[in-house]
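Subject: Structure for your review

Dear colleague,

Please find below the structure that I am handing over to you. My notes on what was found follow directly after it.

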Amino acid sequence: MISVYTLSLLLAAYILGSIPTAVWVGQIFYGIDIREHGSGNAGASNTFRILGKKAGIPVMLIDIIKGFCATNLVYFVQIYQPNTVPYVNLQIALGVVAVVGHIFPVFAGFRGGKGIATLLGMAFAIHTEAALLCVVIFITVLVITRFVSLSSMLACFAFPFMIVFLFDVTIKSLVLFGVTIAVLVMITHQKNIERLFKGVESKANLFKKKTEEEDES
């Protein structure tokens, strides 16, 4: 039975995730709704492509912080010891709710982004070392290929393998979470995968402002 206190934390995690960073940055500083450009997603990738790095970097960082803070709401529950199964299970629940909030934000008409940055913040809170290696993979692939979608997919796909084979994690719920995320990211990026195989996927340009509308990863 979920307590009222736990439900309150889950609601707080959803509200944190619902902060529509890309939408607010676009509207306040650029006078546009980012969802009306590019892919229509209110995420960091679309912000980078449409508004450039000056908008994209803050949006990405805040979205990561959203997931990190929401997942760490577990600290307000004193009955669980860190790194135990109940503790990790609640971390996962809080993080997932925050990601759902990012995808379906209550403050932006339930039209958000894909949640990759918020998911990364969640991963940092749950397993910092594995998340850092995922960031290294993401940056490396992005620098080499300039494909945000491919970088995101490979980084997420690597997470479950690292926690199992590199860090020897034995908590089944965390392993299942890692595998589930890898699969879901592949599913949500089906159109990107198709464009990659066709050779028509758009590339990110982090060095100058983007003004033309392009397909989002």
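Two residues are said to be in contact when heavy atoms of theirs lie within 4.5 Å. Please keep in mind that this is a predicted model.

With that meaning of contact, I would begin with T118, a residue of helix α6. Leaving aside residues up to four places away in sequence, T118 touches D63, K66, G67, A98, V99 and H102. Is T118 buried or exposed? Its relative accessible area is 1%, and because buried means under 20%, T118 counts as buried.

Two of the residues that T118 touches, D63 and K66, are also partners of each other. Their side chains meet in a salt bridge, with a distance of 3.2 Å from N to O. Both residues belong to helix α4, which covers residues 53–71. K66 and D63 are three residues apart there, so about one helical turn separates them. K66 is buried, and D63 is buried as well.

Next, the salt bridges in general. Side chains of opposite charge can pair when their charged atoms come close. How many salt bridges does the structure hold? There are four, including the one just described between K66 and D63.

Another salt bridge joins R35 and D33, whose closest N and O atoms are 3.0 Å apart. R35 has a relative accessible area of 11% and is buried. D33 is buried too, at 18% relative accessibility.

A further salt bridge is formed by the side chains of E36 and R111, at 3.8 Å from N to O. Which parts of the chain does this pair tie together? E36 lies in the loop between α2 (21–30) and α3 (44–51), whereas R111 lies in the loop between α5 (85–103) and α6 (116–126). The pair therefore ties together parts that are 75 residues apart in sequence. R111 is partly exposed, with a relative accessibility of 39%.

The loop between α5 and α6 is also the place of F110. Although F110 is not a glycine, it has a positive phi of about 60°. F110 is partly exposed, its relative accessible area being 46%. A positive phi is likewise found at D168, which is not a glycine either; the value there is about 55°. D168 is placed in the loop between α8 (148–166) and α9 (172–188). With a relative accessible area of 60%, D168 is exposed.

F110 leads to the last finding, a nonpolar patch on the surface. The patch is formed by L11, I15, W24, I28, F29, Y30, V96, V100, F104, V106, F107 and F110. Together these residues have about 1100 Å² of accessible area. Which helices each supply at least two residues of the patch? They are α1 (4–17), α2 and α5. Helix α2 gives the most, with four residues. One of the patch residues, F29, lies in helix α2. At 63% relative accessibility F29 is exposed, because the term applies to values over 50%.

As you go through the model, I suggest this order: T118 and its contacts, the salt bridges, the positive phi values of F110 and D168, and then the nonpolar patch.

Yours sincerely,
A colleague

Conventions
Residues numbered from 1 in each chain as written. Predicted model: local features only at pLDDT ≥ 70, side-chain atom pairs only at ≥ 80, totals over all residues. Heavy atoms only, no water. Buried < 20%, exposed > 50% of the residue type's maximum accessible area, 1.4 Å probe, protein only. Patch = residues over 30% accessible without salt bridge, like charges linked within 9 Å, V, L, I, M, F, W, Y side chains within 5 Å. Areas by Shrake-Rupley, 256 points an atom, 1.4 Å probe, with all protein chains shown as cover.
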